[in-house]
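Student: Could you help me learn how to read a structure like this one? I'd like to start with cysteines and then move on to pockets.

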Amino acid sequence: MGKRLPPLWCLLAVIAFQFSGGVIIQSPMDQIVFVGDNATFYCTASEGTTIDWLKKRPTDTSFKSNPTSKRWEEHGTKLLYWGTTLKDDGVTIACDVTSEDGSIERRNATLKVVERPSPPSKLQVRVINSTSVRLGWSLRSGAEAAATAPEPRGYIVQYQLEGQEAWTESDVFPRQSGEVHSLIPSGTYDFRVYTVYDAGKSEPSSPFSKKMPTARPSDPPSDVRVSSPNSREIMVTWDYPKREKDNGLTRVITLFTVRLNSAPHTTTNTQLTFTEGIMPNTIYSITVSASTSAGEGPQSSAALITTSQEAPSAAPEGLRVTSITSTSLNVKWSQVPEDSRHGVITGYDLKWGRKGDPITQSVSTSTRTHELSPLDEFSEYNMSIRAKTLAGNGPWSDWISHRTDSAPPGAAPSNVRVSSRTSSSLSVEWTALSETEWNGPKRVYVVTSDGLDMPATTSSTSYTINNLNAYTSYWVQVTARNEKGDGPSSVRVTEMTAEKEPGPPTITRLRQHHNHTALILKWEPPTETNGDITGYLLRYRQAEGRSKYEQKNLGKNRRSFVIGGLVGNLTYVVELQAKSSAGLGQVATMTETTMAGTPDVAPGNVGISSKSSTFLTIQWDAIAREKAHGTIQHYIVEFRLHGKEKKGNWTKTTTTKLTKILSGLMPYTTYDVRVAAKTVDRGPYSDVRNFTTAEGAPGSVGNINAMEKPDSVELKWNKPTVENGVIRKYKIEWRKGNKWINDSETKETTYTVSGLKSYTKYEFRVIAYTVEWGPGNWKGVTTAEDRPGEPTNLKTTIGHMSITVTWNVPKSPNGIILGYYVEYMAHPDSVMSTGYNRVGSENVTGTEVKLALQPQTTYDFKVYAYTSAGKGGSTPASGTVPIAAPASVPVPTKVPGSVQPTFNLKEPLTLFGDITYYQIHVYVLSSAQRRRRAEERSYVAAKFDGKDLPSQFVVGDGKTYFGHENKPLKSGRYQIALSSHVSRSNLPADNTTSPRSEPFAWPIDDPESKPEPESSSSSWNLYLIIAVAFSVVEFLLIIILVIVILRRKSN
């Protein structure tokens, strides 16, 4: 061994290393990754250099280029990306940096690829409280823990709230337990755990689901809103607490409590309306809280609201009146009771009027007194008062009455009328004064005339003046009188005494009017008037029969008249008389016939006498002659679809009868029908009547949907678009292929067909029925998959240390076979029996699987097929594994300190059958004669009986063992191995050979195997001095190069 370097030389070596070259700024780092993960190495060097990546596997003697890896430049750094790693990708990576002068500096890093450990197991979750849990788990199974798995750095817990996609990740836990806090009460979480290693994370553990207990809400209800739609109502609305709403857990809220001025009210809704006990113009405080099964949460901030004002509910009290003059009154009143104001009183309305007359006068005032003026004398007035707020007017008070003082009558008698009853007397009449015009008691009328010697008094409103001259003009005047005196007099009225009856008028023309319901009459006054003509009396009737006269009173100045309201195409008798104050005069008579016209009424009693799904028979009554105004030529019948009221939608037909058949109609459809008669023209239509045709066959059902199950199909459909009547039932028919299977009926629009075969295509037809069956609508459906039947023809084939199991697909696959499960178990009579083991579908391809099993053991097998619906039944089989060679033979080991090459030998640990013999194999690695050749050779040095294997063996002792010579060894290097041989009846023999031993040299003093002589201290020091010198020179060259580069840049 060499001597230790002196401290001074160590310091110089470090300095030389730091300042020699120095072109690599960042060296690649060693990495440990899991199989299948990516690895990336970085190497950064100075400007003007070139970076190359090399690799060397453990079996390589030197570094090689790495053309298969991805390389690229990134921010001045050469990056090596090692894609998806494999188990044998463990290599040494070299970063070679070549300077401009050609010198090369190398930095090495190792890539170690290890198997990804299995995920943590036995995850358990225990609830601490409504927001926290404690988790515990195991690192991995016992078998793996005993293996050379990497040491974990910690653990990460992930958890996911039900209904959310994202997983939340905890901090790293150093131990196999930890706590998670700030969870949502009542929420259901999935938890899983990762193990963290230097190389990365393991796969996650199987999820563990846990529902958190319910807690009181931590937040009050959100978005509390208060409104008052009116003075007697308060409406409160709110939303769920924020935490429950944001996390989809509103279902845990069982109750809301709304406190109105601290009085609690509960509800399960998110709004509540208060009406009972709510008063106008009042301030209310409202809070809302939410409750779960765990209790009530916090209350929301108080919301204040003032109800609106309301009109007073009572009138002012104490209404009283006093007289001031005969034309004025003073009115006073008190306030509205306080509990009836419902707001601020802004004023008062006072209304009044004479008793018995409509109330038409009112006034608004802000005071509580008012003077009524001007009023009528000696008149009784009714008065009422009400108060008002901003919200409206209150009720009126009860009426009170008061009368003004008396005065002379305030008006003259009106409408004074004077008539001559005879040629010697005049009758005087007038209208009485009203109560408001008398103005006092003790009432009489005074009649004054130039036909009276002195005024006459009367208490009535008429008076007869007798003893007058005939056909003479007189004036008359009337005055009212009471206890205060006379009032004003009426206007004088002049009248003459009576006359005699006039003679007959002269009819100059009676002819047809252009309207068929009228005649034109013209005349002249009588030749003998016998006084003043006051008017005419016109009388007329139909000439045929004895109809009643119609009469008209016409003015004295009329000379013509149009007689209307007649019937067309009829003859009428017309009479005319003049009138005077003496009575009716003589009669003038004439006849004439009206023109023919159109009916002025429609046919009556329009109805139907029979119908079907495509026609209606319409009937009606005939029009009376006096309404037809002529001979009816035919009737017009029009019809249209009900509800199609657009202009021009009517279809027109005609008939001379009182019935009409409307054909070509649609079933179970309502039509509008009207009828009119035509003479010279069409008369009015009858009122529109609605008639519905009889039911017919419906159309096809629509939108058939199916929900498939393995043995049934649930059908749903829509009613036919064209129903043509009342849908009373549906018929459902189904078939498989061309063979009809069954049918059924239902009144609903859904039906479940059961007893079907899984994963089979069926055709279904649905037909609607009113009074007859309509057309069918088809739907093709394939039933859902079900568990498959048992695989068939299960067989076992015995192989070398294995059994091959084969089978055929099930006769009833009931769907798409996704794979098979194979279960096997040592026969219950065998000591190896530990229950069934399963080979998963990922290890089973097709309908065959090969299983490596224990020899000389009988096994039972089961095979299951599975579809998307689950696992089906199994098919059993059995087989026996033959005897095999030893599972393994221990490696021969050299006896420490032995002069001769002596090795320890051991028998195999597990034997299946009897070993017939052993052999010692010698492998020649090199010798003096074959030193330069890479090939090796071997020979059998000894053979032993299967029961007589020695515990130790000396290689090259020159002895013969069962015909094999243990040759003396020559100079060189050797290895040995032990093999075992098993022979079996009716089966081929098996051989198992151990791995080779460690190489050993013979003889020990072989010059080729001697170690190299140690270097002297002086030669070692010389080498170090030379290395330091080269480093110093290289450092000086770098300084010079940097100075040159800086000068070039400055230039």
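Tutor: Sure! Keep in mind that this is a predicted model. Let's begin with two cysteines: C43 is buried, and C95 is buried too.

Student: How many disulfides are there?

Tutor: We look for a pair of cysteine sulfur atoms within 2.5 Å. Here that gives one disulfide. C43 is joined to C95, with an S to S distance of 2.0 Å.

Student: Is that link left-handed or right-handed?

Tutor: Left-handed, with -70° about the S-S bond between C43 and C95.

Student: And which parts of the chain does the pair tie together?

Tutor: C43 sits in strand 3 (residues 38-45) and C95 in strand 8 (residues 91-98), so the bond ties together parts that are 52 residues apart in sequence.

Student: Okay, now pockets. How do I find empty space?

Tutor: Rolling a probe the size of a water molecule over the atoms shows where empty space is left. Take the second largest pocket here, which has a volume of about 190 Å³.

Student: Which elements give two or more residues to the lining of that second largest pocket?

Tutor: Those are strand 34 (414-422), strand 41 (493-496) and strand 44 (533-542). Strand 34 gives the most, with three residues.

Student: Which residues line the second largest pocket?

Tutor: Among them are V418, S419, S420, E495, M496, D532, I533 and K556.

Student: And how many of the lining residues are nonpolar, polar or charged?

Tutor: In the lining of the second largest pocket, three are nonpolar, five polar and four charged.

How values were computed:
Residues are numbered from 1 along each chain as its sequence is written. This is a predicted model: local features need pLDDT of at least 70, side-chain atom pairs count only at pLDDT 80 or more; totals for chains, interfaces and linings use all residues. Side-chain values use heavy atoms; hydrogens and water are left out. On a 1 Å grid over the protein atoms alone, a cavity is a set of points where a 1.4 Å probe fits but cannot get out, and a pocket is an open set with protein on both sides within 12 Å along at least five of seven lines; lining residues have an atom within 4 Å of a point. Grid points are joined across faces, edges and corners, and a volume is the space filled by probe spheres set on the points. Helices (H or I, at least four residues) and strands (E, at least two) are DSSP runs, numbered from the N terminus. Ala, Val, Leu, Ile, Met, Phe, Trp, Tyr, Cys and Pro count as nonpolar, Asp, Glu, Lys and Arg as charged, and the others, Gly among them, as polar. Buried means under 20% relative accessible area, exposed over 50%, partly exposed in between (1.4 Å probe, protein chains only).
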